[in-house]
Amino acid sequence: MNEIMKNRMLYLIFAIILILPFVLQDVNFQHITIMFLIFAGLGEGWNIITGFTGQTSFGHAAFFGIGAYTSTIMFYKFGISPWIGMILGALFAAGISAVVSYPCFRLKGHYFAIATLAVAEIIKQLFVSWDYVEGATGISIPVKPDSFWMMQFHKSKIPYFLIAYVLFIVATLVAVAVEKNKMGYYLKAIRESHEAAEALGINTTRYKLYAMMISSAVTAVFGTLYAQYILYIDPFMVFGLDISMKIVLLTVLGGLGSVYGPIIGAAILIPLSEYTRVFLGGTGKGIDLMIYGALIVIVACFEPRGVLGLFRRTKKRGAQYAKTTA
Amino acid sequence: MMFLQVVLTGVLVGSVYSLVAVGLTLVWGLMDIINFAHGDMMMISMYTVFWLYTLLKFDPFVSLPISAGITALLGIVIYKLVIKRVVNAPGLMALLATFGLSLFIRNFAQFLWTPNYRFVGESILSGKRILIADIVIGLPQLIAALGSILMTLLIALFIKRTKTGKAIQATAQSRDIAELMGVNTEKVYAVTFALSGICVGVAGTLLSGIFPVYPEAGAMYGLLAFVIVALGGFGNIWGAFYAGILIGLTEALGGFYLGTQFKYALAFLIYLLVLQFRPKGLFGW
């Protein structure tokens, strides 16, 4: 707990984000802040298994979709509150991730990454042909009057923002807690050298499993929130490679393996994709995604260490400059 | 008889998968880069064939060298403009770049040519088929499969026999030592991207007579190629070839006996199952 209190920078970021939608009361802008919070939170979750542990997952959409579908099915079929669905979805995702990843953890590097991609694609195909969950048609969540318990708000986006904000903070603090704990050091040891970590007596499979379960539970929670916010889900949308890759992209862009990485990455990528969509997406000609793709390429080419790498380098240069002038 | 027909269909489809995967495995094995834009390069070759057919009345088989040349060029351009800058980048940055590239190419195609399905009408082969006992083989499919196998063979021979091929092998083993031996690794990378482009160029041309041409046409092939490459073992050309056939077979048999909606799921499942016994792919070690 002591370690968590040290991150003053993090609390400053939290405070700034909280003010944003109240200062700029534009609906569009509020939408972007909500998407930003969702994807930054997803990035924090993904970072635990890939950034800290070094096991690349291209299949986090599987857990995102499980979170979205669990709460939606429970609400749609039985009228159960999405809050309960959210908790159950997280437990489900953690359970399924444990069952699926356990055999996959024997695989190293890209072989593991492709395996996660395969798992997500299989789950997607199963949901597409599963009639009970309406298959490929998807589910429109029935509209209910505004209520916190049913997680639906139609008059204003602020309640969604506050829920996303709290969940984002929880996800970030989970990531910080994992990183600063004994477990965090184990995970980083596994990342740096699997063999060395094993030689030191770390039960690598067990800790990879823990990391995967925590990571997928966090991902599922945002799945539920996303479903309740958009009020419609289908297998292609929530299980698609697009979601998996968006999480990967923004974290890598910000800085892999750092708690700040997903926040920085999402702050760049989400407004970029949402604004290009709003201003250029209406033509249906794909100009928005074209520009989005080109900008990703440009950033990757000119700042291959991620945005956080740029900060660190400038800081180092500044320190060196201070030393030479002193 | 039905069984044989399904098996044959699977092998024919699988050989085209193989060729796409061979192109991917070359780059992956050599540079350790996952090229997400691989399937989109194939889509570009399909459009090339389509436009040559529509505007100039070129038969798809006549435009084969042109479309392969264009994708080879595209491969070199992609390498020089993008990949060169990220090849030594840490973590997954190279992946980020190729993913952006894929988005760009796909939507550029949509911008220029709309998302509509287009078809290459008549070719010298269209509609022709061979009948052996009760088994029907479409001639376009047969030629696509034979062409793919031939191309895979040529690529394998090129890598094994020529001096450039040996330079590629050396660079894959150790870039630094290859450079010490006087190999121009920059050139080797560019050549490999060109080869990879030729593979998808040929595959795209052979498929354009069978499948509709649209901006997402390469997406599923790209995704399956990832699985095939990993299934065969990274950088292993013949591994990718056999894995491609295996995936084609799985898809055809699974699609026939369990329903077409499960065919891709089964292909991915085969990967997970095989990797339980061969954690580095069928032919990896």
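Me: Which helix of chain B holds Val77(B)?
Reply: Keep in mind that we're looking at a predicted model. In that model, Val77(B) sits within residues 64-86 of chain B. That stretch is helix α3.

Me: Is Val77(B) buried, exposed or partly exposed?
Reply: Count the neighbours: 14 other C-beta atoms lie within 10 Å of Val77(B). Buried takes 20 or more, and exposed means 12 or fewer. With its 14, Val77(B) comes out as partly exposed.

Me: How far is Val77(B) from Gly147(B), C-alpha to C-alpha?
Reply: Along the chain, Val77(B) and Gly147(B) are 70 residues apart. In space, their C-alpha atoms are separated by 26 Å.

Me: OK, on to the packing of α3(B). At what angle do α2(B) and α3(B) pack?
Reply: Two numbers describe a packed helix pair, the angle between the axes and the distance between them. Here the partner of α3(B) is helix α2 of chain B, residues 38-56, and the axes are 9 Å apart. The crossing is right-handed. As for the angle, it's about 145 degrees.

Me: How many charged residues are there in the contact of α2(B) with α3(B)?
Reply: On the α2(B) side you'll find, among others, Met41(B), Ile44(B) and Leu52(B), and they meet a set in α3(B) including Ile66(B), Ile70(B) and Leu74(B). Ser45(B) and Thr48(B) in α2(B) also take part, as do Ser67(B) and Thr71(B) in α3(B). The contact divides into 7 nonpolar and 5 polar residues, and the charged count is: no charged residues.

Me: What is the end-to-end span of helix α4 of chain B?
Reply: α4(B) covers residues 93-113, which is 21 residues. At 1.5 Å a residue the helix should span 30 Å. The model agrees, since the end C-alpha atoms are 30 Å apart.

Me: Which residue follows α4(B), and how many residues of that helix are buried?
Reply: α4(B) is mostly covered, with 17 of its 21 residues buried. Just after the helix comes a residue with a positive phi, near 60 degrees. That residue is Thr114(B).

Me: And which residue follows α10(B)?
Reply: α10(B) runs over residues 237-258 and reaches 31 Å from its first C-alpha to its last, close to the 32 Å expected. It's mostly covered too, with 16 of its 22 residues buried. The residue that follows has a positive phi, near 115 degrees, and it is Gly259(B).

Me: Zooming out, what is the radius of gyration of chain B?
Reply: Chain B has 11 helices and 2 strands, and the C-alpha atoms fill a box of roughly 60 × 50 × 35 Å along the principal axes. Buried residues make up 56% of the chain. A compact globule of 285 residues would have a radius of gyration near 19 Å, and chain B agrees with 19 Å.

Me: Same check on chain A: what is its radius of gyration?
Reply: Chain A comes to 15 helices and 2 strands. Its C-alpha trace spans about 65 × 45 × 45 Å, and 49% of its residues are buried. For 326 residues, the compact-globule value is near 20 Å, and chain A agrees with 20 Å.

Me: Which helix gives the largest share of the side of chain A that touches chain B?
Reply: Across the interface, 36 residues of chain A are in contact with 35 residues of chain B. Three helices of chain A each supply at least two residues to that side: α6 (109-128), α12 (241-254) and α14 (287-302). By class, the chain A side has 26 nonpolar, 6 polar and 4 charged residues. The largest share is 11 residues, and it comes from α6(A).

Me: How many residues of α6(A) are buried?
Reply: α6(A) should span 28 Å for its 20 residues, and the end C-alpha atoms are 29 Å apart, which agrees. The helix is largely enclosed by the rest of the structure, because the buried count out of 20 residues is 17.

Me: Last one: which residues does Val119(A) touch, leaving out those up to four places away in sequence?
Reply: Val119(A) lies in helix α6 of chain A. It's buried, because 24 other C-beta atoms lie within 10 Å and the cut-off is 20 or more. Trp46(A), 73 residues away in sequence, is 16 Å from Val119(A), C-alpha to C-alpha. The residues touched are Gly59(A), Ala62(A) and Val100(A).

Conventions. Residues numbered from 1 in each chain as written. Chains lettered and ligands numbered in written order. Predicted model: local features only at pLDDT ≥ 70, side-chain atom pairs only at ≥ 80, totals over all residues. Helix = DSSP H or I, 4+ residues; strand = E, 2+ residues; numbered from the N terminus. Expected span 1.5 Å × (residues − 1). Contact = placed C-beta atoms within 7 Å. Nonpolar A, V, L, I, M, F, W, Y, C, P; charged D, E, K, R; others polar. Rg over C-alpha atoms; globule rule 2.2 N^0.38 Å. Axes fitted to C-alpha atoms, helices over the stretch in contact; angles between N-to-C directions. Left-handed = near helix turned anticlockwise from the far one by under 90°.
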